[in-house]
Amino acid sequence: MSRLTALKALFQRFSFLLLLLASIALMMVGRVNPLMVENSRARVTDAFVPILDVISRPAATAAHLVERFIEATETYRENKQLRVENARLLQWKQAALHLEAENTSLRNLLHYKPEPKASFISARVIAAPGGAFVRNVVVTAGRREGVRRGQAAVAGPGMIGRVVEVGEWSARVLLITDINTRVPVVLDSSRQRAVLVGDNSDQPQLLYLPPEAKVAVGDRAVTSGDGGLFPPGLPIGLVSSVNDRLIRIQPMVNLSRLEHVQLVDFGLPVGLVSEAERVSDLK
Amino acid sequence: MTISLWQKLDQTGRSLAPVAVTLMLVLFGMVPLYLPGYDRVAPCLALMSVYYWAIHRPDLIGPSMAFAIGLLQDMVAGTPLGLTALVLVLCHLVVVYQRSFFLANSFVMLWVGFVFIKVGATFVECVAYTILNMKLAPLAAPMAQTLLTVALFPMFAWLFIRVHRAFLKEA
């Protein structure tokens, strides 16, 4: 008994030091064994999902109200704009139909093996933990719904990130703006390959382009499919600025207004996804 | 006079108020607010709370509790595990060791103290981040976040003072 009290006294005396060391040790564990940390993270996040789900609803409702008001004031102008756009899109539709027919016939000629069919899992964003150092969101779909690590997350017109952590009924999506994001992309117009690298700013950078590559503002970046992590052709963003060595991409989707996302299972059998899956199965 | 069970329960409930407020702030701080650019500069609410309670009731939020709160924040927010825990424990340490400086009578001094703490916290975060990622931490966002956190502090300090008066002041 006295030994216990002595131990307690010792802990109290050195509690600060112990706690500081524990924090630093945890950071190291996170570096050395990220999978273990990931699993415990997913468990804890799962536990807080019900609360986050409830408290995120009023904010969503308020945002809806504000949005509706803004929409109502801009209806007239928007309507005019949409008519013009509609006329243009109808022309595009004709072009697309024509190309689709041509494509089908050419594929038939070549015995082209079609890409596996994709399936979607829709989920609501319940937490967007802010801060200067991470960019991720927590969504309400997990292993039960068929979410797997490495799946691409899509919202509206483009890709927003990928699933990095899967709990029982929640998952964490690392956004393409996060500093840990690397996505192999290809520029639509020039077919130039590069890597999209997040740096926690709103506009990720484009790296590893050859020096002679011609890049213009407005070029579209889509996933290239290299490495097998993402299927080719998912739109990511438009080139927004080109300086000497720094090319920035404006994401297609407004990442601060994410409300629902779709996690996409492309049924890709090879690559890093299955690798990650195998590793987590072994654990 | 013996203390009845209800009084004991009441006491315990009251002394849990600081922890409850902090936990609520941790969770509310993660709610998506749909404001453009907000998530990069979202203020660190847990730091405000730990700072306030470490000054006024260090017995109710001790260093271990600060550590646990930081750990929870790291778990749910996806920050490097242990980073927020380290910052909160350091904050607690500094405040408790320099309590005479922080335990000022005026509200302005409370605010000024928080400016020091937040700047220190941001510095620690940036250094830890740089070491963990072997890459210089971005500076613009942490600086903006520091400014916003400091600017919003009075609002939350008001909340803490209200909670303090409502639950923890002996008549």
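Which residues in H8(B) are buried? They are Leu110(B), Gly113(B), Phe114(B), Ile117(B), Lys118(B), Ala121(B), Thr122(B), Glu125(B), Ala128(B) and Tyr129(B). The model is predicted. Chain B has nine helices and zero strands. In chain A, six strands close into a barrel. The two chains meet through 42 residues of chain A and 39 residues of chain B.

**Helix H8 of chain B**

- H8 covers residues 107-133 of chain B, 27 residues in total.
- At 1.5 Å a residue, H8(B) should span 39 Å; the end C-alpha atoms are 38 Å apart, so expectation and model agree.
- An α-helix has 3.6 residues a turn, so residues three or four places apart point the same way.
- The buried set of H8(B) includes Leu110(B), Phe114(B), Ile117(B) and Ala121(B). Charged side chains appear in that set too, namely Lys118(B) and Glu125(B).
- Cover for the buried residues of H8(B) comes from both chains: H1 of chain A is included, together with four helices of chain B.
- Those chain B helices are H4 (45-56), H6 (83-97), H7 (99-102) and H9 (140-168).
- After H8(B) comes Met134(B), with a positive phi near 55°.

**Chain B as a whole**

- Along the sequence, the pattern of chain B reads α-α-α-α-α-α-α-α-α.
- The C-alpha trace of chain B spans about 65 × 30 × 30 Å along its principal axes.
- The radius of gyration of chain B is 17 Å; a compact globule of 171 residues would have one near 16 Å, so the two agree.
- Of the 171 residues in chain B, 46% are buried.
- Among contacts in chain B with a separation of 6 or more, 69% join residues 24 or more positions apart.

**Interface between the chains**

- On the side of chain A that touches chain B, helix H1 (2-32), helix H2 (34-110) and strand S1 (119-127) each give two or more residues.
- That side of chain A divides into 24 nonpolar, eleven polar and seven charged residues.

**Barrel in chain A**

- The barrel order is S6-S7-S8-S11-S10-S9 of chain A, with antiparallel pairing.
- Neighbouring strands of this sheet are turned by 45° against each other on average, direction ignored.
- Strands of a sheet pair through backbone hydrogen bonds, either parallel or antiparallel.
- Strand S7 (residues 193-197) and strand S8 (residues 205-207) of chain A run antiparallel and are joined by three bridges.
- Val197(A) has Gln205(A) in S8(A) as its bridge partner.

Definitions and conventions. Residues numbered from 1 in each chain as written. Chains lettered and ligands numbered in written order. Predicted model: local features only at pLDDT ≥ 70, side-chain atom pairs only at ≥ 80, totals over all residues. Contact = placed C-beta atoms within 7 Å. Rg over C-alpha atoms; globule rule 2.2 N^0.38 Å. Buried ≥ 20, exposed ≤ 12 C-beta atoms within 10 Å, placed from the backbone. Expected span 1.5 Å × (residues − 1). Pairing = 2+ DSSP bridges. Axes fitted to C-alpha atoms, helices over the stretch in contact; angles between N-to-C directions.
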